[in-house]
Amino acid sequence: MQPELSPPDVAWPLPGDKLFKGDSDPSHNAVIRYLQSDRWDLYATAYKDAADALIDRVIETRQGMDSFVYPVAFLYRHYLELRLKELIINSRFVLTLGPLPSQERDVHWLRKLWTECRNLLQMVWPDGSKEVLDAAEACILEFDLLDANSECFRYPEHKRGRTPTLAGLQDVSLRNLREVMGRLATLLESASCGIAAYKDEMVTYSCDCQ
């Protein structure tokens, strides 16, 4: 006897189902059309907040520790990539170096992005703490060494060679990951806020001169 394809007590997809539509109750809607002007900052912050929330949930419930590490680490990594790109774009504006070349927007390597970002931050704040930047660099390069192409926490195998990803990595403390990422984010977001303030001043001055 063949099993039923659609048992009556199972919620299968329904004709006319749509994934992305508004709800009649506005409190259930994520509002996309009113995105803030700096979408790089919005996206970066959203990925980090999502990772933090997942870890909070795991710590609270003591469930999902071994499986949530993959989306959590991916979200943190993507946060870093977006935040570094945002810092590079806005630093270049403040330093009047012109827009970021289109081919560089497609770079995913944290090492390359951090090298460019650090150089620009040191130009914006030449008297800034080298020790703090060195500490941040060590964390970013650790992430890059583990997941250079942003695929290791998304796939169980490398796209090339089909070898296992994350080979050699064993125990990961999600609590420590959240704390260290929090300190790293404090530095990066402080720089982001400072550069955004410089940018606003430049835009306001330009408008006043017209």
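**Exercise 1. Decide whether Glu189 is buried or exposed or in between, and work out which parts of the chain its salt bridge joins.**

Glu189 has a relative accessible area of 26% in this structure and therefore counts as partly exposed, and this value, like every other one here, is computed on a predicted model. The next step is to find the partner of Glu189, which is Arg83: their side chains meet in a salt bridge with an N to O distance of 4.0 Å. Because Glu189 belongs to helix α6 and Arg83 to helix α2, the pair ties together parts that are 106 residues apart in sequence. Arg83, for its part, is buried, with a relative accessible area of 0%.

**Exercise 2. Find which residues of α4 and α2 form a salt bridge, and state how far apart in sequence the joined parts are.**

The pair to look for is Glu116 and Arg92, whose closest N and O atoms are 3.8 Å apart. Glu116 sits in helix α4, residues 110-124, while Arg92 sits in helix α2, so this salt bridge links parts separated by 24 residues along the sequence. As for accessibility, Glu116 is partly exposed at 25%, whereas Arg92 is buried at 14%.

**Exercise 3. Determine which helices are tied together by Asp134 and Arg118, and then which residues make up the network of salt bridges that share partners.**

The side chains of Asp134 and Arg118 meet in a salt bridge at 2.8 Å, taken from N to O. Asp134 lies in helix α5 and Arg118 in helix α4, so the parts they tie together are 16 residues apart in sequence. Asp134 is partly exposed, with a relative accessible area of 32%, and Arg118 is buried, with a value of 9%. Turning to the network, Asp41, Arg83, Glu86 and Glu189 are joined into one by salt bridges that share partners. The count of salt bridges in the model comes to 13.

**Exercise 4. Classify the packing of helices α1 and α2 from the angle between their axes, and give the handedness of the crossing.**

Helix α1 covers residues 39-61 and helix α2 residues 65-94, and their axes come within 8 Å and cross at roughly 160 degrees. Since angles over 145 degrees count as roughly antiparallel, the two helices, α1 and α2, are therefore roughly antiparallel to each other. The crossing of α1 and α2 is left-handed. Helix α2 also holds Val94, which is buried at a relative accessible area of 15%, and the C-alpha atom of Val94 is separated by 9.8 Å from that of Leu120, 26 residues away along the chain.

**Exercise 5. Examine Ser150 and Leu166, and state where they lie and whether they are buried or exposed.**

Ser150 has a phi near 60 degrees, which is a positive value in a residue other than glycine, and Leu166, also not a glycine, has a positive phi of about 60 degrees. Ser150 is placed in the loop between α5, residues 130-146, and α6, and Leu166 likewise lies in the loop between α5 and α6. Ser150 is buried at 6% relative accessible area, and Leu166 counts as buried at 14%.

**Exercise 6. Describe the surface patch that includes Met202, and locate Met202 in the fold.**

Phe93, Met202 and Val203 form a nonpolar patch on the surface, and together they have about 220 Å² of accessible area. Met202 is found in helix α6, residues 174-209, and is partly exposed, with a relative accessible area of 30%.

Definitions and conventions
Residues numbered from 1 in each chain as written. Predicted model: local features only at pLDDT ≥ 70, side-chain atom pairs only at ≥ 80, totals over all residues. Heavy atoms only, no water. Patch = residues over 30% accessible without salt bridge, like charges linked within 9 Å, V, L, I, M, F, W, Y side chains within 5 Å. Areas by Shrake-Rupley, 256 points an atom, 1.4 Å probe, with all protein chains shown as cover. Helix = DSSP H or I, 4+ residues; strand = E, 2+ residues; numbered from the N terminus. Buried < 20%, exposed > 50% of the residue type's maximum accessible area, 1.4 Å probe, protein only. Axes fitted to C-alpha atoms, helices over the stretch in contact; angles between N-to-C directions. Parallel < 35°, antiparallel > 145°, perpendicular 65-115°, else oblique. Left-handed = near helix turned anticlockwise from the far one by under 90°.
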